[in-house]
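Me: I am new to this structure and should be grateful for a close look at one part of it. Please take the open sheet and its strands.

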Amino acid sequence: MNKTIRRASVFALLLVLALLVRATWLQFYDGKALADDNDNRRNAIATYSRPLGNIIVAGNAITGSTRTKGSDLAYKRTYTDGKLYAAVTGYASQAYAPTQLEGVYKDLLNGTDNRLKTVMDTVTGERSEPGDVLTTIDPAVQKAAYRALGDKKGGAVAIDPKTGKILAVASTPSYDPSALTDANTAGQAWKTLNADKDKPLTNRALRQPLPPGSTFKLVVAAAALEDGLYKNVDEPTDSPDPYRLPGTVRDLANENKSAPCENASIRVALRYSCNNVFGHMAVQLGQDKVRAMAEKFGFDDDAQDVPVRAYTSVYPSGMDQAQTALSGIGQFDVTATPLQMAMVSAAIANGGKLVSPHMVSQITDSGGDVLKDYDDSAGTKEIISSTTAEQLQSAMQTVVKDGTGTNALIDGVTVGGKTGTAQHGENNSKTPYAWFTSYGKSDSNGKEVAVAVMVEQSDAARSEVSGNGLAAPVARAMMQAALK
């Protein structure tokens, strides 16, 4: 064989090998990427070729599927009481990526989760029958939260302190997920919802961290008691009134000018929401100790899944003493979601132990067999000692009986709570945020619940914006529904 022919043969062989390598790469790597691409129409056709699995509340499906007309997508998602449960379900859309529980469990709900595969599915390569998601949501509590929030802009969460089950996740204003399910009409609905200045697509219960104001004083009080700075909630504190912010010429004022806040005990300081006490207390403890306590409750956790990923609630770092003082009253750069503040009350109510909050009880296959039981796997952490928890429970009860949280009183229920009114805007130029976090224990049936409510905006006059005036009545309605 002459040299020219030999070289041509080698070159041809290399071309064949290159084609084989490329084909193999396309088949086993690029092929999977293309198959998983959200823009691949075949995925949407397969997903909506038959009904999806359902999201269940108290034994009833709050989702469904209906036949479409004139489309290669045979089915589309439907919702029962869509606005009521939007903060729980999210949406499954023919046009957009799914959100909330629809997104977390999309593979289970469309039948591609490997846990659903039967032997026959493996042999035939067919898509499995979809499974279902069983939630922990209590419809009575969910309805109470949604109705009590009404036309206010806000969010609310209720948790069973003993089990960690999330009983309600409400966000207002809400939206109807059904508007986003059909590819032919979803585009206009998407534009309308995103153009709405009230941001109905925002889940204010889980994914809108805002300054928690005076509700954060519970965290500072817990840190002081656990550290031994003060032995109990009735010991006088070292709290000058007025309290001059360190390194500044500014005094940390109290809302109630006549309140007995000078050297007030933790009980009295929570009752009257004394800023001077908790601002100074945060400086006495130092930001590291306050942060350590906040993080035990769940602040700064960037993987807080319930199983929907909640936005991180933040206790800041690198502060000077004046900023540390402001952090002690839930201001400066402290932020929290209603979920986070409900977790604070849940741990206090449960003797200092926090059971992992979760809003899915079980996931099942099409036959109802349990694939995973989240109630059995919920972990428990000791946040504070039982002694500290009892002290704070007692002080929170004083807030509701004789202090700033009287609108949360319920006959036949032991209620403890803490109000908060967080400044908003430069020099508090915008409407403040109204907060209330609490727990309730039925005196007759032993049921317990912990709640947190945040009202971001309402029609109330600025002078009427307070945790007791706007948020406590919502919490009261939720606790009544949960404790029946």
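Reply: The account below treats the sheet, followed by a residue in a helix. The model is predicted, so local features need pLDDT of at least 70 and side-chain atom pairs count only at pLDDT 80 or more, while totals for chains, interfaces and linings use all residues. Residues are numbered from 1 along each chain as its sequence is written, and side-chain values use heavy atoms, with hydrogens and water left out.

The open sheet has five strands in the order 2-1-5-11-12, and the pairing is mixed. Strands here are DSSP runs of E with at least two residues, and helices are runs of H or I with at least four residues, numbered from the N terminus. Two strands pair if DSSP finds at least two bridges between them. Strand 2 (60-61) and strand 12 (370-373) are at the edges; each has a single partner strand, so one side of each lacks a neighbour in the sheet.

Strand 1 (residues 55-57) pairs with strand 2 in the antiparallel sense, over two bridges. Within this pair, Ile56 stands opposite Ala61 of strand 2. In general, strands of a sheet pair through backbone hydrogen bonds, either parallel or antiparallel.

Thr47 belongs to helix 2 (residues 41-47). Thr47 has a relative accessible area of 18% and is therefore buried (buried means under 20%, exposed over 50%, partly exposed in between, with a 1.4 Å probe and protein chains only). Apart from neighbours within four places in sequence, Thr47 is in contact (heavy atoms within 4.5 Å) with Leu52, Asn110 and Arg127.
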